[in-house]
Amino acid sequence: MNKLENLIAKLAEDTAVKRFKELEQIIDNDQLLNKDYQNLLDLQKVMINKREKKSKDLHLAIDNYEKAKEIVMNHLIIDEYLDLLEEINYDLNLIQKIISEEINIDFK
């Protein structure tokens, strides 16, 4: 097994990654949560478009987004999911930085 395959295997064995995958599957199978989450994403797009266009009704888009966010965050599983997502993204960014630094050292 090469180093990349070994790294991928180690990441797949990580408890945070395993739990994240479990939560992701639960979320994917929860129709109500999926509906609420997709609504949040749609409202986020609207909010960003209105902000970029400097729309006069941006405050309404922000209010709608915040209300939808509150609904989504009322699903307890989302809080854990987002915490794990942040943790995993941090770890992946760190790994990417280490790899990049090692590649740069090899080319010097």
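Q: Which residues are linked in a network of salt bridges?
A: This is a predicted model, and a network of salt bridges runs through three of its residues. Two pairings build the picture: arginine 19 meets glutamate 22, and arginine 19 also meets glutamate 80. The linked residues are Arg19, Glu22 and Glu80.

Q: What is the N to O distance between the side chains of arginine 19 and glutamate 22?
A: Both residues sit in helix 2, three residues apart, which is about one turn of the helix. Their side chains form a salt bridge, and the cut-off for that is a nitrogen within 4 Å of a carboxyl oxygen. Here the N to O distance is 3.1 Å.

Q: How many residues apart in sequence are the parts that arginine 19 and glutamate 80 tie together?
A: The side chains of arginine 19 and glutamate 80 meet in a salt bridge at 2.8 Å, N to O. Arginine 19 belongs to helix 2 while glutamate 80 belongs to helix 5 (residues 76-106), so the pair ties together parts whose separation in sequence is 61 residues.

Q: Is glutamate 52 buried or exposed?
A: Glutamate 52 has a salt bridge with arginine 51, at 3.9 Å from N to O. Arginine 51 is partly exposed, with a relative accessible area of 45%. Glutamate 52 comes in at 56% relative accessibility, and the cut-off for the top class is over 50%. That makes glutamate 52 exposed.

Q: What is the relative accessible area of glutamate 80?
A: Let's go round the network partners. Arginine 19 is partly exposed at 29%, and glutamate 22 is partly exposed at 41%. Glutamate 80 is partly exposed too, with a relative accessible area of 31%.

Q: What distance separates the C-alpha atoms of glutamate 24 and leucine 82?
A: Glutamate 24 is part of helix 2 (residues 15-29), and it is partly exposed, with a relative accessible area of 31%. Along the chain, glutamate 24 and leucine 82 are 58 residues apart. Their C-alpha atoms are separated by 10 Å.

Q: How many salt bridges does a search of the whole structure find?
A: Among them are the arginine 19 to glutamate 22 pair, the arginine 19 to glutamate 80 pair and the arginine 51 to glutamate 52 pair. Searching the whole structure gives a total of four.

Conventions: Residues numbered from 1 in each chain as written. Predicted model: local features only at pLDDT ≥ 70, side-chain atom pairs only at ≥ 80, totals over all residues. Heavy atoms only, no water. Helix = DSSP H or I, 4+ residues; strand = E, 2+ residues; numbered from the N terminus. Buried < 20%, exposed > 50% of the residue type's maximum accessible area, 1.4 Å probe, protein only.
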